[in-house]
Amino acid sequence: SYYLSSPFNFLVLLFEKENLHVFFHLLVILKLSLAASNFSYFLNKRFESDKKIFVVILSVGYALSQYSIAQSSNIMWLDGVYMLPLMLAAVYELIEKRVTWKLSITVGLSILFNWYTGGINCLFTIIWFLFELALRQIEYSETERKIRLKELFILFVKYGVSMALGVFLSAALSQTSFS
């Protein structure tokens, strides 16, 4: 049932058995389009730039990356591709604005849509969280860094709690939807 929990799978009801290949192609197009738009959202949230053409080029490049094209024959793995940018944007908002609920919800949904790619996305957010923190630390002088150790610890705790809540959310949702 985990492999069938993608939010787009209900669209199969609109197609006759003879046209399942059309449904398959439509699903790939929808998921890759959503990956491009979600990556565009992430880029606009993270890197406030006036150069919108670069956002478009990078977003399309992300959606049409080698992994996405290789997995287009196995569409269940594409759920992780369109969820990752939302998770990275949520990590950024956790660090910048101390907003924790967005990370919990995106983690829960990513795991719910496909537990395997959701788990990989969760592992990648650990790397991204550390990367974002390292960027913040580089920006501070040495005296400011000493002052911010408490703040750093609080961010680690908030990140851990948000991730755990997301995992618990996915478990609760999967129990109610698949029981």
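**Exercise 1. Take stock of the fold.** Work out how many helices and strands the chain has, and the pattern they follow along the sequence.

*Solution.*
Step 1: Count the elements. The chain has eight helices and zero strands.
Step 2: Read along the sequence. You get the pattern α-α-α-α-α-α-α-α.
Step 3: Check how far to trust the picture. This is a predicted model, and the chain averages a pLDDT of 89, with 91% of the residues scoring at least 70. Among the elements, helix 4 has the highest mean pLDDT (96), while helix 7 (residues 142-147) has the lowest (63).
Step 4: Get a feel for the dimensions. Taken along the principal axes, the C-alpha atoms fill a box of roughly 70 × 45 × 20 Å. Of the chain's 179 residues, 41% count as buried.

**Exercise 2. Classify two ring pairs.** Decide which kind of aromatic pair F39 and Y62 make, then do it again for F42 and W128.

*Solution.*
Step 1: Recall the cut-offs. Ring centres must lie within 6.5 Å; planes under 30 degrees apart count as stacked, and over 60 as edge-to-face. By this rule the count comes to twelve aromatic pairs.
Step 2: Take F39 and Y62. Their ring centres are 4.4 Å apart and their planes sit at 10°, so this pair is stacked.
Step 3: Locate the two residues. F39 is in helix 1 (residues 20-46) and Y62 is in helix 2 (residues 52-63), so the pair ties together parts 23 residues apart in sequence. Both F39 and Y62 are buried.
Step 4: Now F42 and W128. Here the centres are 5.8 Å apart and the planes are at 70°, so you call the pair edge-to-face.
Step 5: Locate these two as well. F42 belongs to helix 1 and W128 to helix 6 (residues 115-139), so the pair ties together parts 86 residues apart in sequence. F42 and W128 are both buried.
Step 6: Zoom out. Ring pairs link F39, F42, F47, Y62, W128 and F131 into a cluster.

**Exercise 3. Explore the core.** Find out which residues have the most contacts inside the largest nonpolar core, and which helix gives the largest share of it.

*Solution.*
Step 1: Start with the core itself. The largest nonpolar core has 39 residues, and those with the most contacts inside it are F42, V91, L103, V107, F129 and Y159.
Step 2: See where it comes from. Helix 1, helix 2, helix 4 (78-97), helix 5 (101-113), helix 6 and helix 8 (149-178) are the elements giving two or more residues to this core.
Step 3: Pick out the top contributor. Helix 4 supplies the largest share, twelve residues.
Step 4: Look at F42 up close. Leaving out residues up to four places away in sequence, F42 touches F47, P85, L88, A89 and W128.

**Exercise 4. Is S68 buried or exposed?** Place S68 in its helix, then name its contacts.

*Solution.*
Step 1: Find S68. This serine is in helix 3 (residues 66-70).
Step 2: Compare with the cut-off. Buried means under 20% relative accessible area. S68 has 0%, so S68 is buried.
Step 3: List the contacts. Not counting residues up to four places away in sequence, S68 touches L32, Y62, A63, L78 and V81.

**Exercise 5. Follow the charges.** For three of the salt bridges, say which helices are joined and whether each partner is buried or partly exposed.

*Solution.*
Step 1: Know the total. The structure holds seven salt bridges.
Step 2: Try E93 and K45. Their side chains meet in a salt bridge with an N to O distance of 3.2 Å. E93 is in helix 4 and K45 in helix 1, 48 residues apart. At 2% relative accessible area, E93 is buried, whereas K45, at 22%, counts as partly exposed.
Step 3: Move to E132 and R46. Their closest N and O atoms are 2.7 Å apart. E132 lies in helix 6 and R46 in helix 1, so this salt bridge ties together parts 86 residues apart in sequence. E132 is buried at 0%, and R46 is buried at 13%.
Step 4: Finish with R136 and E96. Their closest N and O atoms are 2.5 Å apart. R136 is in helix 6 and E96 in helix 4, 40 residues apart. R136 counts as buried at 10%, but E96, at 39%, counts as partly exposed.
Step 5: Join things up. R46, E96, E132 and R136 are linked in a network of salt bridges.

Notes:
Residues numbered from 1 in each chain as written. Predicted model: local features only at pLDDT ≥ 70, side-chain atom pairs only at ≥ 80, totals over all residues. Heavy atoms only, no water. Phe/Tyr/Trp six-rings, centres within 6.5 Å; stacked < 30°, edge-to-face > 60°. Helix = DSSP H or I, 4+ residues; strand = E, 2+ residues; numbered from the N terminus. Buried < 20%, exposed > 50% of the residue type's maximum accessible area, 1.4 Å probe, protein only. Core = buried A, V, L, I, M, F, W, Y, C linked by side-chain atoms within 4.5 Å. Contact = heavy atoms within 4.5 Å. pLDDT = per-residue confidence, 0-100. Salt bridge = Lys/Arg side-chain N within 4 Å of Asp/Glu carboxyl O.
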